[in-house]
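This report looks at a few local features of one protein chain, beginning with a charged side chain and ending with backbone geometry.

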Amino acid sequence: MDNILEKETLTKEFKSDIEGFSETELVAEIVGMANTEGGVLYLGVEDNGQPTGLNKKHADPIGLMALVANKTVPSVSVRAEIIQIDGIEVMQIQIPKCRTIIATSDGKVLRRRLKPDGSPQNIPLYPYEIPSRLSTLGLLDYSAQILEGANIGDFDPNERDRLRRIIKLRRGDQALLELSDEELDKALQLIKEEAGELRPTVTGMLLLGREERISELIPTAKSTFQVLEGTKVRKNEQLAKPLLATFEIFEDYLKAWNPEREMEYGLFRIPIPEFSENAFREGLVNAFCHRDYTVLKNVRVAIEDEGLTISSPGGFIEGVNLSNLLTVEPHGRNPVLADVLKRIGLAEKTGRGIDRIFEGSIIYGRPLPDYSETTSSYVKLFIQRAEPDLPFAKMISNEERRLGRPLPINSLLILSALQNQRRLNIQEIAATLNVGEPRVKANVEKLVEAGLVEATGSNKARSYILSSKIYKEQDNVIGYVRQTGIDAVKYEAWIMELANKQGGKITRDNVVELLNVTPSQAYRLLKRLSDKGKLELVGIGRKAFYQLIH
């Protein structure tokens, strides 16, 4: 049986058609998939994946596509075709992931989810869930909405003072400090006018609201800070404070649980924290900025034996996934809130806070941040607790001092990849970074020119390693010799293979052309094989060649 029918998933559904599957139920299943991730529905297949064939009334793909278009609002365009599985005809219906909310023509709005046993099911998409769906698709900015039941009196003057202080200390948009309170609130969209009255937005209440009113009006805006040592809970505090106050409290908590060690740099000693404070701040800002405020779950910060975890409700927004985190154009679930945090200086102004998160681990030679446990319900950032690689950190620090600026994130990622994998070619680096090969090559060549990376091999066999200078600084000369020695072994094997193909003979010119090396390098390679008793020099001058010794 074809492995496409192994089991049902969130994006794969089987429906038996022996007795003629209900068209109403078929449309409902399609709506549920369109309102989730899209997918494929196989009509004429049992729940266990056994194909049993189509009913006669469903043997027309064009008619089925028309039925779906007529029975959905707005119309969903599916692609249907009859395919054969184990010699049995079934209907394969490909369903797109729709960028709006889809309903059946009789008013049912459905979505799809996985049950605890991993099997999928259709369930209603309730009205209160619609804003969450639209914000995930980037069609609604919940943070820009006027908050029902809130008024200007719900703002805490102390929080506005905190806002002004942060703008000043974090070097935010200094022009904001010249505005009156009302002008400031309008400029940052903390308030909006409705029926001639100024009303707080969701962003306004999140930043300036009184704690008791935030708990009442935005009960989803809670957060938790935990410290766990083994199974022992050292700290477990839940907050429902305004975001700016929460940021400051969490940063203070981190300092108390973030030990430092020192790295000698000439006559200076540089402190290296367990967790980068810049990375923590960006991770925290992302968690609060991009979380789904329609979901009754907490932002959670947890420091454990393994490392630091920051999780926030709501999966990645449309267009963002694990493979393109570092390359996708910046966009978020709550644009107005994100814009405020950038303008006041709390968030990275370019919207590339994710770069800072990765930089915080790479510059100390630690494992990269991990988002692999992210689901459709949570974004989870994990930063592993690990010893810093001091020689690698010194190398990064030296180069940044030489340049007078931080290294670009792609350069840092390339160096980190070579540090961990030892040897990579352009294609492998591009796959690791999820960046095009021309861009990777340009970055690698700059690192070669800077003396941080060396090229080994030639043509298709060309690969890259950290330079001998770096291995020496890391007190790992043996590692460098081992890496460069790989090429010598490969070259000898290729020379012997070419000699075999040429009737047991090979010349220095042949080696130059084969390996793209200089004549002197070709001579040394052939001489080495001769000394090992594998080749024998025959003749002298321009007619000389090497012959295999059998």
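A salt bridge is taken here as a side-chain nitrogen of Lys or Arg within 4 Å of a carboxyl oxygen of Asp or Glu. In this predicted model, Arg 333 is buried and yet has no salt bridge, since the nearest side chain of opposite charge, that of Asp 292, is 4.5 Å away. Arg 333 belongs to the loop that runs between strand E16 (307–313) and helix H10 (335–343). Its side chain does reach backbone oxygens, that of His 290 at 2.7 Å and that of Gly 315 at 2.9 Å. Leaving aside neighbours within four places in sequence, the residues in contact with Arg 333 include Ser 135, Thr 136, Leu 140, Asp 141 and Phe 316.

Helix H8 (residues 243–256) has 14 residues and spans 20 Å from its first C-alpha to its last, close to the 20 Å expected at 1.5 Å a residue. Among the buried residues of H8 are Phe 247, Phe 250, Glu 251 and Tyr 253.

Turning to the backbone, most residues other than glycine have a negative phi, and most peptide bonds are trans. The peptide bond from Val 73 to Pro 74 is cis, with omega near -15 degrees, and Pro 74 is found in the loop between strand E3 (72–73) and strand E4 (79–85). Two residues that are not glycines have a positive phi, as tabulated below.

| Residue | Phi | Loop between | Relative accessible area |
|---|---|---|---|
| Arg 171 | about 60 degrees | H4 (157–169) and H5 (181–187) | 70%, exposed |
| Asn 434 | about 55 degrees | H14 (426–433) and H15 (437–449) | 37%, partly exposed |

Methods: Residues are numbered from 1 along each chain as its sequence is written. This is a predicted model: local features need pLDDT of at least 70, side-chain atom pairs count only at pLDDT 80 or more; totals for chains, interfaces and linings use all residues. Side-chain values use heavy atoms; hydrogens and water are left out. Helices (H or I, at least four residues) and strands (E, at least two) are DSSP runs, numbered from the N terminus. Buried means under 20% relative accessible area, exposed over 50%, partly exposed in between (1.4 Å probe, protein chains only). Lys and Arg count as positive and Asp and Glu as negative; His and the chain ends are not counted. A polar contact is a pair of N or O atoms within 3.5 Å; within protein, one must be able to donate a hydrogen and the other to accept it, and residues adjacent in sequence count only if both atoms are side-chain atoms. Contact means heavy atoms within 4.5 Å. The expected span of a helix is 1.5 Å times one less than its number of residues.
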